[in-house]
Amino acid sequence: MKKIYTRIFAAALLLGSPSMAQAQTYMESFESWDGVTADWLPEGWSEIHTDEIMPTRNNGEYTWHVINPENSKTLPKASDGKYYAAIGYAKDENGDDIYSDEWLISPAFKLSEYGGTMNYDVAFAPLFLFRVGNGYIDWNEYDFVNGERQPAADLQIFVLKLQDDGSYGDYWDLYVSLCSDWCTQPLSALMSAAFSSTTFHTSQSTVFLTDDNLKNATVRIAFRYVGSEGNIIGIDKFRMGYATLVDDAPLVTGVELRQIAESAKANTGNYDLLGRRISGSSIGNHGVNIVVNPDGSSRKVMR
């Protein structure tokens, strides 16, 4: 089965169960940072670099790290507290854009017998999810060239399930892709002040992790920043509901994530993980279908 990403917007029946009221909630706003330590992440969090040279570039700005936005004139304030996790768009020594594939991995959580929920606040500029340099915009038509848009850098959120053999490599599901979420907005909307500057977009809906294979499962959440010519992405106020922390779960390895990414590409048919046709056509050539799963949940599938 093709798995692109799933987002459930409606209230779930699982919340009607009395036992769910006692379920624990986890929240991380990155406020334990001392404001000094470079490349700091909270306890239980980790990061994986698909290019090991990336942490050495620009003092680690091109990898996931925690920042104090008060030190910047352009970055938004945190949505909760003072700090948040962020990653910058990568450039080489000559100032040319280079490709990023950086992963921020959450602690492990044991979901309830009904599954779990996830919320997060994300800072980004919707316009710069897409390429807007020379050759990509027709200013006479005030539209992307040929009405098509090319994704730049995307934030994707995966759920990784721990398998019986102690690995995460056999299960992946892409729940969120910002490029796909914004691919139907016209250029005029993306050029507006609200969408062309980096601001926090608080999560307006809960992501329900209620697939049958996630009930009672141990999972980690993976935030993947992938692409080039994009803009900074920030994450704050990450919440997991109906879930408890698992201290002794194995870490995700770089090898497993590369397997997951390759599996994702293989299972998206004619599209890569940025929504682009393998042949080179753009995300503007297709939309999404809503598919209802046997368990009643829904799935967005690119067409």
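# Loops, strands and cores

User: Where is N146 found?

Analyst: Strands here are DSSP E runs of at least two residues, and helices are H or I runs of at least four, all numbered from the N terminus. N146 belongs to none of the strands named around it: its place is the loop between β8 (143–144) and β9 (153–161).

User: What kind of model is this?

Analyst: Residues are numbered from 1 along each chain as its sequence is written, and side-chain values use heavy atoms, without hydrogens and water. Local features need pLDDT of at least 70, side-chain atom pairs count only at pLDDT 80 or more, and totals for chains, interfaces and linings use all residues; the model is predicted.

User: Is N146 buried or exposed?

Analyst: Buried means under 20% relative accessible area, exposed over 50%, and partly exposed in between (1.4 Å probe, protein chains only). The relative accessible area of N146 is 70%. Therefore N146 is exposed.

User: What is phi of F30?

Analyst: F30 sits in the loop between β1 (25–28) and β2 (46–49). F30 is buried, at a relative accessible area of 0%. Its phi is positive, in a residue other than glycine, and lies near 65°.

User: Which side chain makes a polar contact with the side chain of R57?

Analyst: R57 lies in the loop between β2 and β3 (65–67), and is buried at 16%. A polar contact is a pair of N or O atoms within 3.5 Å; within protein, one must be able to donate a hydrogen and the other to accept it, and residues adjacent in sequence count only if both atoms are side-chain atoms. Contact in general means heavy atoms within 4.5 Å. R57 touches Y62, K91, D92, E93 and I98, not counting residues up to four places away in sequence, and the polar contact, at 3.3 Å, is with the side chain of E93.

User: Why is β9 largely enclosed by the rest of the structure?

Analyst: A153, L155, I157, V159 and K161 point one way, while D154, Q156, F158 and L160 point the other way, and all are buried. So β9 is largely enclosed, because its buried residues number nine of the nine.

User: Which residue in β13 stands opposite I157?

Analyst: Two strands pair if DSSP finds at least two bridges between them. β9 and β13 (residues 218–227) are antiparallel, over nine bridges. β9 also runs antiparallel to β10 (residues 173–177), with four bridges, where the partner of I157 is V176. In β13, I157 stands opposite F223.

User: How many bridges join β6 to β14?

Analyst: β14 (residues 233–241) has eight of its nine residues buried. It pairs antiparallel with β1 over four bridges and with β4 (residues 84–87) over three. With β6 (residues 116–124), also antiparallel, D121 stands opposite D236, and the bridges number six.

User: How many residues has the largest nonpolar core?

Analyst: A nonpolar core is a set of buried Ala, Val, Leu, Ile, Met, Phe, Trp, Tyr and Cys residues joined through side-chain atoms within 4.5 Å. In soluble globular proteins, nonpolar side chains tend to be buried together. In the largest core, W64, L209, F223, F238 and M240 have the most contacts, and its residues number 47.

User: How many residues has the other core?

Analyst: This core lies apart from the largest one. I48, W103, A108 and W172 are among its residues, which number 13.

User: What share of the residues in the protein is buried?

Analyst: The protein comes to four helices and 17 strands. It has 303 residues, and the buried share is 53%.
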